[in-house]
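Biologist: I am new to this structure and would like a close look at a single part of it, the aromatic rings and what surrounds them. Please take me through it slowly, and then set it against the whole protein.

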Amino acid sequence: MRILFSTVLVVGLFLQTPSAQQARVVPASSRPKLVVIIAVDQMRADYIDRYRGQWSSGLKKLVSEGAWFRQADYPYYTTVTCAGHFSISTGAPPAVHGMTANTWWEQGATRNVACTADDTKTLVSYGAPLKSVGQSAARLMTTTFADELRLQEAVAPRIVSISLKARSAIGLVGHTPDAVIWMDEETGDWATSTAFAKEPAPYFAAYVRAHPVKDEVGRTWDRALPKERYLFDGSATGRQKTALATKAFPHIVKGASLVMDNTFTDAWESSPYSDAYLGALAAAAIDGLKLGNGAGTDYLGVSFSALDKVGHDFGPDSYEVQDVLIRLDQTIGTLLDKLDRDVGRNNYVLALSADHGVSPIPEKVQAQGLDAGRISTTSIGAAIDAVLARELGPGTYRTRVAFSEIFFNAGVYDRLLQNPRAMDAVMKTIQDSPGVRRVYRQETLLAIENEVDPLVHAAALSHYPGRNGEMFMVARAYWIAGPTTVTHGSGHRYDTHVPVVLFGGGVKTGEYLLPASPLDIAPTLAFLTGVTLPDATGRVLVEALAKQ
């Protein structure tokens, strides 16, 4: 009960709910016929200012003709894909919806589980039978906008979601879509789960048959624009291993060989061709279900994943990141043209955002004379185990450090609570590790009224009891952990600051400077459709809505 009360207190202290005060029922005649959410995985907000001069189609249209919120940030710390997509769709932070990370150690550190993995379900393949684990929204602790749209609408909506990643596709819809599709990374086959359907959706199946991904093996990816149109130097400084075979243009989209295997799917997902395929699947769903042309309000979620893969490998200043956005601009432009033609510009409303940003390459930051580096979570875990052996005596200690979370074996943390000297020694070991700013115990995150550090507040909004580590480590700015060139998952603004753009019927064009968040998207869409969200904490972005 103390944990439950503390969690409620965290949410109450640091999240306001003006949407509850501002919302009113919109007349049925003004409700959109189709709601679209586009998530661009790893799209930093400053990419718009940096790179919009290279765009000529969809992204340009959304920013110039939509409502662009320039001061939009996630309020929580652990900015990763699963947390971000479910925060967009629920209007709540991980402390409420429970999807705190892409994976977490189950209580007692018995095993690592993926946020949408579900052993009680099996995959439904659009190709050969699949061996990967089933997927669902079973661990989601609230409902999404799409769930509530289905629950509350008098006319049953058609609800579809599409992405390369299961956690992204499911994250945009939740429990009750008509169709949700993603790619199985091991085989390259498209898939869904028995949590959502017993068989493939016919419109997706027809497109996949007509356009097999294996036909993409060996494609060349080169710059879409002349080299002088790209910013920065495109150098490989600080790059780690990449999914693509080459570290510079032109890239050949293949794996270890010119065959269809998991190394190819990794490379293909790291190219703009995967985004184009997702856009085509979205068009197939619009045609197959006649989205936006029924008696009620339909829903389409699309999460474009290539930018995340490319960003991790090449960094935010790379020619590759710029080129993915140039080509995504065209893909989104084609989708907007179809929506305008098939649904009508005033009959749909679209929201664009991202699940997180990304850090700069630490070596490039260091070259400017600033503090930056790479945190070794393996070294930190080993150092903690050495302290535990010294302070608590011989034993099997396998402390796991995942992003900012520190997980102890079952019973170890309770022993530390009873041994202040050992607790202090562990805390000091973590605190003294290169790149660590501060370390907090879980008790601090459940009683944050006593803290003044804003990053602690952000960490508290990422904390869901039983799914987070017993300690939480805050990194210094420009220090990252992990094997990729760059990464995300911190509360620093290069990770939290993302685009929020509204577009379509009922939206006023303009640039808005009031603070906003991706958590405001679901409450705003709920307001426009007359839907109530039970646990949303974001606000309705009323300043960008036309008067009814």
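Modeller: This is a predicted model, and the structure holds 15 aromatic pairs, a few of which can be followed in detail. In one of them, the ring centres of Y74 and Y76 are 5.1 Å apart and the planes meet at 55°, and because an angle between 30 and 60 degrees is neither stacked nor edge-to-face, the pair is tilted. Y74 and Y76 are both buried.

Another pair is made by Y230 and Y319, whose ring centres lie 5.5 Å apart with the planes at 55°, so this pair is tilted as well. What it adds is a link between distant parts of the chain, since Y230 belongs to the loop between β9 (219–221) and β10 (251–253), while Y319 is in helix α13 (residues 319–342), and the two are 89 residues apart. Burial can be judged for each partner against the cut-off of 20% relative accessible area: Y230 has a relative accessibility of 5% and therefore counts as buried, and Y319, with a relative accessibility of 9%, counts as buried too.

Beyond these pairs, W190, Y207, W268 and Y277 come together in one aromatic cluster. Aromatic rings in this model also have charged side chains over them: R219 lies over the face of Y273, at 3.6 Å from the ring centre, and R400 lies over the face of W105, at 4.1 Å from the ring centre.

To set these rings in the whole, the secondary structure of the protein comes to 21 helices and 20 strands. Its radius of gyration is 23 Å, which is close to the 24 Å given by the globule rule for 548 residues, so the protein is as compact as a globular protein of that length. Taken along the principal axes, the box filled by the C-alpha atoms is roughly 70 × 55 × 45 Å.

Burial and contacts can be described for the whole chain in a similar way. Of the 548 residues in the protein, 60% are buried, and Y74 and Y76 are both buried residues. When contacts between residues at least 6 apart in sequence are considered, 76% of them join residues at least 24 apart; the pair of Y230 and Y319, with its 89 residues of separation, also links distant parts of the chain. As for the outside, the accessible surface of the protein comes to about 20,800 Å², and 52% of that surface belongs to carbon and sulfur atoms.

Terms used:
Residues numbered from 1 in each chain as written. Predicted model: local features only at pLDDT ≥ 70, side-chain atom pairs only at ≥ 80, totals over all residues. Heavy atoms only, no water. Phe/Tyr/Trp six-rings, centres within 6.5 Å; stacked < 30°, edge-to-face > 60°. Buried < 20%, exposed > 50% of the residue type's maximum accessible area, 1.4 Å probe, protein only. Helix = DSSP H or I, 4+ residues; strand = E, 2+ residues; numbered from the N terminus. Lys NZ or Arg CZ within 6 Å of the ring centre and 35° of its normal. Rg over C-alpha atoms; globule rule 2.2 N^0.38 Å. Contact = heavy atoms within 4.5 Å. Areas by Shrake-Rupley, 256 points an atom, 1.4 Å probe, with all protein chains shown as cover.
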